[in-house]
Amino acid sequence: MKEVLLEVKDLRLQFKTDKGELPALQGISFQLKKGETVALVGESGCGKSVTSLAIMGLLSRANAQMEGSIRFRDILLNQLSTGELRNIRGKDIAMIFQEPMTSLNPVHTIGRQLEEVYQLHTDLSKKERQAKAIEMLKKVGVPRAEDIMREYPHQLSGGMKQRVMIAMAMACNPDLLIADEPTTALDVTIQAQILELMNDLKENDHTSLLLITHDLGVVAEMADRVLVMYYGEIVEEADVVSLFSHPKHPYTIGLLRCIPDLDEEEKLRLDPIEGSVPLLGEVTQGCAFRFRCSQAEERCYQEKPPLMATGTGTQAVRCWLYENKEMAV
Amino acid sequence: MRRYVIKRLLSLVGTLLGVSVLIFLMVHLIPGDPATQILGQFATPEAISQMRATLGLDQPLWQQYLRFVGNLFAGDLGTSLFTGEKVWDQIINRFPITMQLAILSVIIAAIFGILLGTIAAVKQNTIVDRLVVLTSLLGISAPGFWIALFLIWIFAYKLALFPISGYEGIHSLLLPAITLGMAEAGMIARMTRSSMLEVIKQDYMRTAEAKGAALFRIILSHGLPNAIIPVVTMLGLQFGSLMAGAVVVETVFSLQGIGSLAIEAISKRDMPTIQGMVFFMALIFALTNLIVDLIYSRIDPRIHFD
């Protein structure tokens, strides 16, 4: 059994707005072990990004009210002061964002932005920082690293910018890397390169990866375990093989049906899930997916299903269809 | 960069040629004969026609223009009709005060405006923010002469820290510079605030936070260089118009600057002086713009001049 690096327990989050409090996360619990890659999957608005921002402590404390606990190694992140959190951010936990185009500061050189990480978290001299930054750029496969140091973000392509972002995130050799849709904004060929790069770095540095994505192709490629999220809740949790071979939750099944399959001849059209994720605060009782679920029963409208073990390994699902099923297996 | 500056300077010559046509025609479009103006309405027709000959007003228009523009670009802006002084000398005598005043008040406006605007943006929707917004509105809307008299009353009369009026060295310019700077600081503060609010939402600010940078560093090192870009434009425009003289403030503080020279010349219909000043101001304004554009490329690496 590997050591648990990150443990999120019953994480609840409410956004304070003019229209009252909106529940963004309704009790998320999961673990991330050392060296493991866990994928958070779901449509836009299901709470994936919010979860990552909560772990990083990047949500404004004035607008977001948080309950539950986030433990990293033996530190309770949600109880740290802003100053203490700053020492962890960028050093032990680092993050890559979705938009490489806008995530780098347009008025600073690449070198300055990369060196800043060392400036914030190490005692290295200016010369050493520069050497480290160049080394890091080479490590993430940026050609002419010495020249790029002096260039500005607008002189780089999207793929190169994301490589720089990865270099910045991996600069201090973090234990945990959170990647929020790292390849969504990139061309398909570049996507594959970036994913490969992330996998290589992760293997070499024994970094754990929390990967946030809506792309099941990326999940299959990268993840050890998968958490499917819907409306601020985890609706299915499974290792990657179980999830793809026998998905349980109707939502997961729906998501998998959305992937175009080139081998299957009869399936000429995509099979999307009708409707969209309910707005925050819209569902007050029952299962949040019932509106889009073809198998919804009377009970789904009244009672919210708990996350239930299914009997197949560690797979768990939040759906009444699987109540008592574990007996049968 | 050098090629760009040369190109801009060449186009500046074109602009000045256009200005020269306008100010030359100005004399001929405005009613009133300069010769009559000089000699007074009781002068004999002979004296007037002799004066017209001396002034070259009897020659064809295009000849007059060529002579005029030739003199302009040779640095000869003509001679004042009243004082008999060279217009160029008059301007050069008055200009240092105006320039010092402009520089001083733009510095005051920049320091206070950018500082307050940034604080207001960081503390958005708090008391501090509202106070800044209110104060800057006061600064913008309070009339210059009122602020001037108020400052004179407190600092020059009651506390006797500064001369009440006139120029006795650079410290005499502090109160007028504050007067001018306050209104500008108000505008700069509002602009910095809205620009900074926009910048704070940007992804790269979140990146800086995710790196572990402190708020102070995020705002100063990552936010301000981006937020300040539109503010520099405004500072440049303000500086340009201040270089053309601040009439009200110069009058209240009895300063012999470009603004008061303009007022004197206009009230006496001293055409050569007016023409010379318009030409000079156009030159200064264009040069200021060029400098602002060059500063722009320094703070925003995306702007390139080739």
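In this predicted model, the buried residues of α1(B) are covered by elements that include α2 (34–39), α4 (61–73) and α13 (271–299) of chain B. The buried set itself is B:Y4, B:R8, B:L12, B:L16, B:V19, B:S20, B:I23, B:F24 and B:V27. An α-helix has 3.6 residues a turn, so residues three or four places apart point the same way.

Helix α1 of chain B covers residues 2–29. Its 28 residues should span 40 Å at 1.5 Å a residue, and the end C-alpha atoms are 40 Å apart, so expectation and model agree.

An unreviewed UniProt entry lists transmembrane regions in chain B at residues 9–30, 97–119, 131–157, 169–192, 213–237, 243–266 and 278–299. Two of these spans are set out below.

| Span (chain B) | End C-alpha distance | Helix | Strand |
|---|---|---|---|
| Residues 9–30 | 31 Å | 95% | 0% |
| Residues 131–157 | 29 Å | 93% | 0% |

**The sheet of chain A**

Chain A holds an open sheet of 8 strands, ordered β6-β7-β8-β3-β9-β10-β12-β11. Its pairing is mixed. The edges are β6 (93–96) and β11 (308–309) of chain A; each has a single partner strand, so one side of each is left without a neighbour in the sheet. At the β11(A) edge, 2 bridges lead to strand β12 (residues 316–317) of chain A, and the two run antiparallel. A:M308 has A:V317 as its bridge partner in β12(A).

Helix α8 (residues 188–205) of chain A packs on this sheet. It touches β3 (37–41), β6, β7 (176–180) and β8 (208–213) of chain A. The direction of α8 makes about 155° with that of β8(A).

**Strand β9 and its partners**

How enclosed is strand β9 (residues 225–230) of chain A? Of its 6 residues, 6 are buried, so β9(A) is largely enclosed by the rest of the structure. In a regular strand the side chains alternate between the two faces of the sheet. In β9(A), A:R225, A:L227 and A:M229 point one way, while A:V226, A:V228 and A:Y230 point the other way.

β9(A) is joined to β3(A) by 4 bridges, and these strands run parallel. A:A39 stands opposite A:V226 there. Strand β10 (residues 233–239) of chain A is joined to β9(A) by 6 bridges, running antiparallel. In β10(A), A:A238 is the bridge partner of A:V226. A:V226 thus has a partner in β10(A) and stands opposite A:A39.

β9(A) and β10(A) form a hairpin with 2 residues between them. In its turn, A:Y231 has a positive phi of about 50°.

Definitions and conventions
Residues are numbered from 1 along each chain as its sequence is written. Chains are lettered from A and ligands numbered from 1 in the order in which they are written. This is a predicted model: local features need pLDDT of at least 70, side-chain atom pairs count only at pLDDT 80 or more; totals for chains, interfaces and linings use all residues. Side-chain values use heavy atoms; hydrogens and water are left out. UniProt positions are given in the numbering used here, feature names are shortened, and annotations may be inferred rather than shown by experiment. The expected span of a helix is 1.5 Å times one less than its number of residues. Buried means under 20% relative accessible area, exposed over 50%, partly exposed in between (1.4 Å probe, protein chains only). Contact means heavy atoms within 4.5 Å. Two strands pair if DSSP finds at least two bridges between them. Axes are lines fitted to C-alpha atoms, for helices over the stretch in contact, and angles run from 0 to 180 degrees between N-to-C directions.
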